[in-house]
Amino acid sequence: MKTQHQASINAYQADGFIGQYQRLVKNVVIPYQYSVLCDEAPDTEKSHVIQNFINAGKALRRTGKAAESGPAEEDGAANTGNAKSDENGGFYGMVFQDSDAAKWIEAAAYSLSLFPDDKLEKTVDELINIIADAQDEDGYLNTYYTIKDKDKRFTNLQEGHELYCSGHMMEAACAYYEATGKEKLLQVMLKNMEHIYRHFIVEKHQGFPGHPEVELALLKLYRVSGNKHCLELAEYFINTRGADPHFYEKEKAKRDWSVWNNDPTDTDYSQASKPVREQKDATGHAVRAVYLYTAMADLASSTGDAELFAACRRLWESITRRRMYLTGGIGSTGLGEAFTVDYDLPGDTAYSETCASIGLLFFASRMLENEVDGEYGDICERAFYNTVLAGMQLDGKRFFYVNPLEIIPGISGISVTHKHDLPVRPKWYACACCPPNVARLISSYGKYAYGENEDTAFCHLFAAGKVRLENGMRFTCETKYPYNFEILYHIEKGGKLAVRIPGWSRTWQLSVNEKKLETSDVLLQKGYAYLNVSDGDTVRLVLDGTARFQYASLKVPALTGKTAICRGPLVYCFEGVDNQGDVLSLSLLKNGALRVSDFQEDLLGGTVTITADALRTETSGALSTELYSDEAPATSPCQAVAVPYYTWGNRGENQMRVWMDFV
């Protein structure tokens with residue numbers, strides 16, 4: 001059963017670095033993304049998301065469904081907010097377009113729990129009215145099939161994304177109910193859940209979703225509603241996956257249409273080659289994989305299923321020990337957005353989708369509910385501070401879907417092998433899963449930073465702000481992390497405090513009320529320091545802020561002879577703009593110094609740079625004009641400047657590298 005659980009949606013009021021990002025989401029990201037959903041953002045990929053829901057409601061009324069969401073407008077639609085009418089009444093976008101609205105609502109819900117805003121809440125309520133109006137009488141909710149192909153519902157589980165969209169909307173419903181107490185969307189999604197339950201459990205139609213998501217959402221819906229059908233349905237989908245590896249082949253044989261022409265025999269892609277309890281390696285589409293593993297870990301902790309947890313542990317080790325980038329990115333190929341094989345981690349063609357690292361963080365958080373082990377928190381912050389934050393431009397208006405570890409203008413984003421590795425963040429995407437995913441994660445950061453059980457507060461991540469837990473403990477965290485490595489906990493209401501000691505910190509020191517604690521004074525278990533704290537105590541943790549070289553296993557062929565630089569949880573990279581426009585000619589000195597700058601408020605939103613001793617290969621001589629030469633190039637000593645990876649790509653198009661040659 002659960003060793004601890006996430007803090008509630010209202011437990012954390014952020015300050016510091018995380019607070020700045022949460023205010024950026026509130027003030028910029030959420031309004032901007034809503035304008036995209038309404039097709040009002042200039043020079044931006046068309047979304048049509050909200051209009052799809054409006055058109056679905058119209059389609060249902062044409063077939064006799066009475067509107068259930070209150071007074072209608074003159075054209076018969078529910079209150080449309082800012083969305084514009086579409087006389088054609090058709091569907092536009094990807095088959096999973098509904099999920100963008102769901103993730104936006106979820107982000108808005110978490111933001112409202114932090115920053116009450118009547119205007120935003122009214123906007124969300126209006127959108128919920130539109131969504132409710134698009135729900136069929138039997139509980140079915142999906143605009144693609146309601147508008148285009150009503151007779152094809154649940155006949156293409158491999159590609160159709162109906163259950164994926166339902167899952168995201170269930171998550172949105174739970175978050176909005178927890179933030180506001182409003183039940184309308186929750187009731188819509190409980191009705192939708194009962195429709196799905198009837199189809200798969202009562203009527204015994206076989207199958208499981210091609211894109212896992214609904215499984216983890218059903219478990220959230222179960223905790224919020226107490227409806228046991230949610231738990232039963234989640235167990236069914238998890239236990240059914242892989243039981244018949246040929247299911248999608250049989251499903252395809254029954255229909256004469258397809259969405260993507262996906263290969264139904266590629267069971268690794270859909271994590272369906274074996275029943276989940278027998279799986280050993282993380283395979284296939286990386287986002288689908290970690291969403292599935294998140295649900296498996298959640299179910300294991302909820303039911304005490306030791307066999308399921310053992311499978312989760314094997315899959316966790318497959319990812320983090322053999323198939324993960326230094327930045328916490330996962331999925332090393334654009335072919336299927338997928339894992340490949342052990343140690344295949346090329347930086348220049350990395351896929352490393354933003355959503356995949358978000359899913360990895362979800363997985364880590366649910367693993368913490370099975371066992372409190374610092375390695376899960378280490379991976380949470382590695383993924384968040386590097387790949388997740390890199391997925392959004394510092395102004396909150398542009399986004400990366402893919403997060404490479406090397407960019408070379410003229411090749412990246414242009415060559416057929418590097419087409420996916422863009423040197424500049426776009427404003428939006430036709431497949432826009434990542435932007436609202438980043439927004440909802442940042443706004444809900446407190447749920448992952450803090451946990452609790454009956455008598456203990458768990459500090460998994462270091463996040464400044466006020467913490468108010470359901471077990472009665474109250475405290476304030478004061479820190480300038482991730483650039484300063486002193487963390488203070490001012491205890492208002494005491495109990496037991498469990499603080500993660502990061503694996504990267506070579507040295508650390510704990511003190512209570514300025515009295516330094518010896519190791520023998522602290523209970524250390526699996527990367528956590530456990531302390532009994534009283535009202536009025538101040539706990540101080542000081543971590544190692546030394547910049548350090550990182551080296552890859554020799555089993556990673558792309559990284560032999562290379563090194564990277566890290567400080568705290570931050571991976572650093574070298575950009576051309578800081579290095580005479582050229583990082584390709586730089587090699588770091590193996591025994592060279594790493595110099596950490598003071599905090600620079602006017603650089604990249606406020607950051608710290610690291611300067612490394614290096615050699616620059618000269619471009620003079622034969623190699624300045626010839627493709628190859630037997631004339632060895634000259635070198636000269638220089639200083640190479642690195643910035644945090646999450647800040648790259650904010651100063652125009654230029655070269656970027658994480659892994660550098662060293663001599």
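Here are some short exercises on the structure above, each with a worked solution.

Before you start, note that this is a predicted model, where local features need pLDDT of at least 70, side-chain atom pairs count only at pLDDT 80 or more, and totals for chains, interfaces and linings use all residues. Residues are numbered from 1 along each chain as its sequence is written, and side-chain values use heavy atoms, with hydrogens and water left out.

**Exercise 1. Find T456 and describe its surroundings.**

Solution.
- Step 1: Look in strand β5, residues 456–459, and you'll find T456. Strands (E, at least two residues) and helices (H or I, at least four) are DSSP runs, numbered from the N terminus.
- Step 2: Check the surface. T456 has a relative accessible area of 4%, so it is buried. Buried means under 20% relative accessible area, exposed means over 50%, and partly exposed is in between (1.4 Å probe, protein chains only).
- Step 3: Look for a polar partner. The side chain of T456 has a polar contact of 2.8 Å with that of D455. Such a contact is a pair of N or O atoms within 3.5 Å; within protein, one must be able to donate a hydrogen and the other to accept it, and residues adjacent in sequence count only if both atoms are side-chain atoms.
- Step 4: List the neighbours. Leaving out residues up to four places away in sequence, T456 touches G451, N471, M473, K496 and A498. Contact here means heavy atoms within 4.5 Å.

**Exercise 2. Work out where the salt bridge between D136 and R153 sits.**

Solution.
- Step 1: Recall the idea. Side chains of opposite charge can pair when their charged atoms come close. The rule for a salt bridge is a side-chain nitrogen of Lys or Arg within 4 Å of a carboxyl oxygen of Asp or Glu.
- Step 2: Apply the rule. D136 and R153 pair up at 3.3 Å, N to O.
- Step 3: Place the ends. D136 is in the loop between α4 (118–133) and α5 (143–147), while R153 is in the loop between α5 and α6 (162–180), 17 residues apart.
- Step 4: Check the surface. D136 is buried at 8% relative accessibility, and R153 is buried at 13%.

**Exercise 3. Which helices are linked by the salt bridge between D298 and R223?**

Solution.
- Step 1: Get the distance. The two side chains of D298 and R223 meet at 3.0 Å, N to O.
- Step 2: Place the ends. D298 lies in helix α11 (residues 286–303) and R223 in helix α8 (residues 214–225), so the pair ties together parts 75 residues apart in sequence.
- Step 3: Compare the surfaces. D298 is buried at 1%, whereas R223 is partly exposed at 37%.
- Step 4: Zoom out. The count by this rule is 42 salt bridges, and R313, E317, R321, E371, E375 and K526 are linked in a network of them.

**Exercise 4. Which residues have the most contacts inside the largest nonpolar core?**

Solution.
- Step 1: Define the core. A nonpolar core is a set of buried Ala, Val, Leu, Ile, Met, Phe, Trp, Tyr and Cys residues joined through side-chain atoms within 4.5 Å.
- Step 2: Read the result. The largest one has 225 residues, and Y450 and Y489 have the most contacts inside it. Its largest share, 12 residues, comes from α11.
- Step 3: Look around Y450. Beyond residues up to four places away in sequence, Y450 touches several residues, including Q6, Y12, F458, F475 and Y489.
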